[in-house]
Amino acid sequence: MKQKLITTLASLGAMLCSASSFAAQTQVIYAGSMLSGAEQTLEKQQTIVIENAMISRIEEGYVSISELGLSDATIIDLKDQFVMPGLIDMHVHVTFERDANVNPHRWLTEYEADYALRSIKYLQRSLDAGFTSVRDLGSSYKVIFPLKRAVERGDISGPRIFAAGDTITPTGGHADLHGYRKDISDVISDGLGVCDGADDCRRAVREVIKSGADVIKITATGGVLSNTAAGVSQQFTDQELVAIVETAHNLGRSVTAHAHGISGIKAALRAGVDSIEHGSYLDQQSIKLFKKHNAYLVPTLLAGQTVSQEVLSNPHMPVAIANKVRAVVPQVEASFKLALKNNINIAFGTDSGVSRHGNNADEFQWLVKYGMTEKQAIRSATIDAAKLLGQQDKLGQLSVGKQADIISVNGSPLDDISTLKNVQFVMKAGQVYKQL
Ligand SMILES: [Zn+2]
């Protein structure tokens with residue numbers, strides 16, 4: 001047994017060595033069309049050189065290996081492709097996927113490993129769809145951080161993960177556990193992110209960061225998919241919100257607030273959160289607050305569309321949830337248009353897990369349908385998402401010195417945004433994961 005373990009470790013070491021030497025190999029991409037630099041200008045016939053997981057050079061025309069002064073390189077021919085930065089989804093839930101046909105109590109019978117193992121295919125699908133980075137906004141810390149580390153080690157394929165871990169929520173709030181006897185809830189949930197009162201919320205933020213959080217996710221208002229008829233208004237007090245934001249910022253983490261109702265959106269913005277998820281009910285006053293605090297909206301249009309369809313087809317949806325879907329989703333279009341008209345920062349997010357992992361690019365069609373130009377929609381999932389992540393120095397654009405997160409599609413998404421649903425080529429940090 002011991003011998004077998006040593007052999008396994010030795011072969012694993014060999015695999016890792018060969019993976020890293022592969023990544024160190026210089027690669028040259030010939031791009032027929034390309035969205036270039038921070039302005040994402042459309043360029044034709046470009047040569048991209050990739051070394052040590054980074055873009056080291058970008059040259060006009062198709063430049064040969066010898067003309068580049070390289071002794072050896074792998075050529076990747078994308079001359080008939082539209083090449084662009086890897087996509088970033090700012091709101092996913094990697095560890096679950098909503099399925100109306102699954103017994104809702106399945107999770108009572110399963111271990112964390114069941115969730116982690118099931119998530120492997122969700123991650124694979126997301127990467128295949130061209131999403132090279134995702135921000136997970138609410139998954140158990142016992143599952144999401146091991147998954148994040150497994151991706152970083154290269155044990156499994158998936159987007160780079162930035163994760164919130166457990167959501168900060170008040171007792172009985174949107175992200176608390178609903179629908180069970182208290183003594184049962186106490187056994188099945190450790191309530192890591194549950195807090196009440198400013199001091200307790202400071203403790204919870206510190207606890208969640210200690211567990212590994214890259215970002216703090218809070219539920220500032222009620223939510224649509226929690227089985228409680230508590231509406232979608234403000235749930236944390238102003239004092240709690242201020243304490244949460246201050247503590248997170250002091251520890252170098254941004255804060256994003258799930259918020260539907262206008263009272264909670266405004267309270268969260270006044271407290272200084274960095275972004276609002278969903279933002280279903282916006283008004284002029286909230287627009288002013290977005291501008292004052294330079295905050296972002298992550299609209300998650302696809303989530304609303306997905307649950308609206310489910311209301312029609314799933315007779316078992318709890319009444320408390322179905323009523324909230326019917327009330328909230330029709331508000332979303334007008335709010336999004338108000339934000340767009342007022343040039344609020346908008347970052348791309350899908351709430352995947354509510355919708356199917358791998359269908360993330362469906363969000364683009366709703367962004368464009370509700371008024372974004374194709375170019376704006378692409379920016380929201382690249383340049384602007386990278387800014388909100390605080391990763392603008394590394395991610396979100398094809399420029400020298402950035403991570404080589406590169407995808408391609410057939411045809412121009414600037415003419416037809418739906419081309420992004422069929423990603424042909426995926427490279428993350430210089431490693432090719434998909435090439436059709
Ligand atoms: Zn969500």
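**Salt bridges, zinc site and helix packing in the predicted model**

With a relative accessibility of 34%, Arg 203 counts as partly exposed, in a structure that is a predicted model. Its salt-bridge partner is Asp 200, and the closest N and O atoms of Arg 203 and Asp 200 are 2.8 Å apart. Asp 200 is likewise assigned as partly exposed, because its relative accessibility of 26% falls between the limits of 20% and 50% that bound this class. Both Arg 203 and Asp 200 belong to helix α5, which spans residues 198-210, and their separation of 3 residues corresponds to about one turn of the helix.

Helix α5 also contributes to a salt bridge with another helix, in which the side chains of Arg 202 and Glu 246 meet at an N to O distance of 3.9 Å. Since Arg 202 is located in α5 and Glu 246 in helix α6 (residues 238-250), this pair ties together parts of the chain that are 44 residues apart in sequence. Arg 202 has a relative accessible area of 23% and is partly exposed, and Glu 246, at 44% relative accessibility, is also counted as partly exposed.

Over the whole structure, the search finds 21 salt bridges. One of them joins Arg 125 to Glu 97, with the closest N and O atoms 2.8 Å apart; here distant parts of the chain are linked, Arg 125 being in helix α2 (residues 112-128) and Glu 97 in the loop between β5 and α2, at a separation of 28 residues. In addition, a network of salt bridges connects Glu 112, Lys 142 and Asp 190.

Glu 112 and Lys 142 appear again in the packing of α2 against helix α3 (residues 141-153), where Glu 112, Tyr 115, Ala 116, Ser 119 and Leu 123 of α2 meet Lys 142, Val 143, Leu 147 and Val 151 of α3. The axes of α2 and α3 come within 10 Å and cross at roughly 45°. This angle lies between 35 and 65 degrees, and α2 and α3 are therefore oblique to each other. The crossing in which α2 passes α3 is right-handed.

A second helix pair is formed by α7 (residues 262-271) and α8 (residues 284-293), whose axes are 9 Å apart and which pack at an angle of about 20°. Because angles under 35 degrees count as roughly parallel, α7 is assigned as roughly parallel to α8. The crossing of α7 and α8 is left-handed. On the α7 side, the residues of this interface are Ile 262, Ile 265, Lys 266, Leu 269 and Arg 270, which meet Gln 285, Ser 286, Leu 289, Phe 290 and His 293 of α8.

Helix α7 also contains Ala 268, a buried residue with a relative accessible area of 0%. When its neighbours within four places in sequence are left aside, Ala 268 is in contact with Ala 220, Leu 241, Ala 257, Val 273 and Ile 276. The C-alpha atom of Ala 268 is separated by 7.8 Å from that of Asp 238, a residue 30 positions away along the chain.

The zinc ion has His 91 (NE2), His 93 (NE2) and Asp 351 (OD) as its protein donors, at 2.1 to 2.2 Å from the metal. The spacing of these donor residues in sequence is H-x1-H-x257-D. His 91 is part of strand β5 (residues 87-92), whereas Asp 351 is in the loop between β12 (345-346) and α11 (362-369), so that the pair ties together parts separated by 260 residues in sequence. His 91 and Asp 351 are both buried.

Backbone geometry was also examined at two loop positions. Most residues other than glycine have a negative phi. Gln 40, although not a glycine, has a positive phi of about 55°. Gln 40 lies in the loop between β1 (27-36) and β2 (41-51) and, at 2% relative accessibility, counts as buried. Ala 429, again not a glycine, has a positive phi of about 50°. The position of Ala 429 is in the loop between β14 (423-428) and β15 (431-435), and its relative accessibility of 21% places Ala 429 among the partly exposed residues, because the buried class is limited to values under 20%.

Conventions:
Residues are numbered from 1 along each chain as its sequence is written. This is a predicted model: local features need pLDDT of at least 70, side-chain atom pairs count only at pLDDT 80 or more; totals for chains, interfaces and linings use all residues. Side-chain values use heavy atoms; hydrogens and water are left out. Donors are N, O and S atoms within 2.8 Å of the metal (3.2 Å for Na, K and Ca); water is not among the atoms, so sites may look incomplete. Helices (H or I, at least four residues) and strands (E, at least two) are DSSP runs, numbered from the N terminus. Buried means under 20% relative accessible area, exposed over 50%, partly exposed in between (1.4 Å probe, protein chains only). A salt bridge is a side-chain nitrogen of Lys or Arg within 4 Å of a carboxyl oxygen of Asp or Glu. Axes are lines fitted to C-alpha atoms, for helices over the stretch in contact, and angles run from 0 to 180 degrees between N-to-C directions. Angles under 35 degrees count as roughly parallel, over 145 as roughly antiparallel, 65 to 115 as roughly perpendicular and the rest as oblique. A crossing is left-handed if the near helix is turned anticlockwise from the far one by less than a right angle, and right-handed if clockwise. Contact means heavy atoms within 4.5 Å.
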